Amino acid sequence: MTLKADWEIVGSPIDPDSNERLFFTAHEWATIEAATARIIPTDHDPGAREARVVVFIDRYLSGIDHVFAAADGSGFLKLTGKFAEAWRSRMWDMQQTYRQGIRDLDEVARQSHDADFTDLTEEQQDAVLETFSGAPKPSKVTLGTTEAVTTFLQGTFDEGMSFFPALCLHTKQGFYCDPVYGGNKDHMGWKVIGFVGPKSLKDTMDGTYDTTPYFMEGDYTWEDLVPHLRDHPFQPAGE
Amino acid sequence: MVVLGLGAIESARLMLMSRSAQYPDGLANSSGLVGKNATFHEYVFAVGLFDKEIDDPLYGWAGNYISGGTFEFYETGKDRGHIGGCLISASQTVHPVNWVFPGRPSWGSALKDADRDYFNYAMKIGAILHDMPRESNRVDLDPTVKDAWGLPVARITHQPHENDVRMSRWQVDKNTEILEVAGARKTVPVYLDRMTGNTCHQHGTARMGNDPAKSVLNEWCQSHDIDNLFVVDGSGFPTSTGVNPTLTMMANAWRACDYIVDTFAKGREEHIRVA
């Protein structure tokens with residue numbers, strides 16, 4: 001297995017405005033678009049719907065052509081050999097998870113409101129997602145508290161995940177990904193939270209992307225920051 | 001000559017898979033210790049959130065992952081109830097797609113508000129857990145699961161040592177205290193309950209020592225059993241250290257390679273005398 005830097009680059013960046021469906025049926029597309037819009041809703045800022053999260057998820061689920069963007073964002077890495085086999089198998093599993101998950105979501109919607117998920121009001125959709133997830137809708141983060149947790153793997157990998165947690169993960173990925181993957185249209189997701197990312201992945205490769213303006217400079221000396229240095233001045237090597 | 005540098009999990013797996021009539025328990029395994037005493041360095045930490053109505057943004061993503069660290073708590077403190085200690089370091093909470101906020105709401109307006117209000121107003125102080133070796137914490141060959149080539153995958157069995165649990169609790173509480181003194185308006189301590197492998201650090205599975213009955217490698221990363229087998233990754237570390245280990249592994253591999261070139265390849269043998 002050679003370095004990914006040497007893998008063949010195929011395809012091109014995904015067009016976020018595309019309405020072409022590579023994996024979803026029309027009904028599945030509409031259902032996922034509606035559900036992601038409840039996971040990251042539209043308010044005074046854009047949400048998952050405007051950022052085209054559904055395009056990101058459709059392309060991701062469609063096969064193995066959109067798994068790893070090329071480092072310069074010009075297209076995607078071509079997966080080959082056992083690596084391709086493994087990803088094909090993984091994606092097949094996730095496709096089944098989505099197909100069945102969408103059917104189950106509609107089933108819950110029909111039981112409670114006698115209509116498909118897409119035909120419900122936003123409040124009704126939230127109620128369906130609560131039932132579906134088996135937990136109340138998450139409440140707002142409050143300050144002034146300490147809330148302990150135990151160790152967990154801070155991963156972004158979806159292998160073996162059930163539908164709703166996978167959908168929540170993929171919605172966040174589609175909202176905050178590099179736009180080459182089809183979501184985060186016009187950096188909408190990044191702008192909502194104040195992350196000033198690279199204009200393109202190429203800018204991270206050639207030094208164009210620069211975060212210097214976000215560094216605080218000149219206000220402090222090292223001795224202000226590290227009092228130990230006042231009594232123990234830094235000795236450059238070799239002196 | 002064979003030099004292994006696959007990481008402590010895969011080097012042990014390859015030695016355990018390399019069975020023959022001469023080596024029925026795997027290569028270099030007369031001690032029975034290949035794969036045992038595995039240590040993994042769980043990364044434990046506390047996150048602090050600040051108030052955007054009052055505090056300045058931190059823009060952690062703009063800089064290096066880690067902005068500062070201290071060995072102030074590395075040495076054993078007699079009043080702490082555990083031995084050893086860790087490097088601790090202040091760091092950013094990474095990028096939007098997976099920013100490190102345990103307890104981040106999973107969906108809805110609470111999720112969007114949390115990301116919008118706190119992404120630029122968060123930091124954490126973490127510790128590389130200096131976990132203790134236990135013989136029962138081990139890498140062995142999975143009896144059922146095979147890899148893509150039909151070979152048994154590495155199976156990992158691990159239960160934290162009581163000292164690991166105590167050390168992580170004390171240190172995470174200290175990190176939480178530091179964040180509170182720094183003005184954090186909310187803190188999220190992350191305590192150890194199990195090893196998840198979140199640092200990807202691996203050590204101990206072919207521990208180094210002078211006694212062939214109690215160790216796999218000698219002081220030159222050379223197998224006690226087989227002269228021309230060296231293992232130069234973290235496998236030889238008898239304890240895990242409480243720091244990021246890669247530079248030490250590289251320095252140790254370099255030291256072993258110097259021995260191979262200057263001494264072993266010339267048909268000589270030397271040993272470090274331990275008083």
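Select Lys199(A) to begin; this residue lies in the loop between α6 (188-193) and α7 (202-205) of chain A. Helices here are DSSP runs of H or I with at least four residues, strands are runs of E with at least two, and both are numbered from the N terminus. The model is predicted, so local features need pLDDT of at least 70 and side-chain atom pairs count only at pLDDT 80 or more, while totals for chains, interfaces and linings use all residues. Residues are numbered from 1 along each chain as its sequence is written, chains are lettered from A and ligands numbered from 1 in the order in which they are written, and side-chain values use heavy atoms, with hydrogens and water left out.

Is Lys199(A) buried or exposed? Lys199(A) counts as exposed because its relative accessibility is 74%; exposed means over 50% relative accessible area, buried under 20%, and partly exposed in between, with a 1.4 Å probe and protein chains only. Next, add Trp92(A) to the selection: 107 residues in sequence separate Lys199(A) from Trp92(A), and their C-alpha atoms are 33 Å apart in space.

Now display the whole of chain A, which has nine helices and three strands. Along the sequence, their pattern is β-α-α-β-α-α-β-α-α-α-α-α. The C-alpha atoms fill a box of roughly 80 × 50 × 35 Å along the principal axes. Chain A has a radius of gyration of 22 Å, whereas a compact globule of 239 residues would have one near 18 Å; the radius is taken over C-alpha atoms, and the globule rule is 2.2 Å times the number of residues to the power 0.38. Of the 239 residues of chain A, 41% count as buried.

Move to Glu33(A), in helix α1 (residues 26-39) of chain A. This residue is buried, with a relative accessible area of 17%. Which residues does Glu33(A) contact, leaving aside its neighbours within four places in sequence? They are Arg49(A), Arg52(A) and Val54(A), where contact means heavy atoms within 4.5 Å.

Then select strand β8 (residues 186-191) of chain B, which is mostly covered: six of its six residues are buried. Lys186(B), Val188(B) and Val190(B) point one way from β8(B), and Thr187(B), Pro189(B) and Tyr191(B) point the other way. In a regular strand, side chains alternate between the two faces of the sheet.

Add the partners of β8(B). Strand β3 (residues 149-150) of chain A pairs with β8(B) in the parallel sense over two bridges; two strands pair if DSSP finds at least two bridges between them. At this junction, Thr150(A) stands opposite Tyr191(B). Strand β2 (residues 43-49) of chain B pairs with β8(B) in the antiparallel sense over five bridges. Here Ala46(B) stands opposite Pro189(B), and Val47(B) stands opposite Val188(B).

Finally, extend the selection to the open sheet, in which six strands follow the order β3(A)-β8(B)-β2(B)-β5(B)-β4(B)-β3(B) with mixed pairing. At its edges stand β3 of chain A and β3 (66-70) of chain B; each has a single partner strand, so one side of each is left without a neighbour in the sheet.
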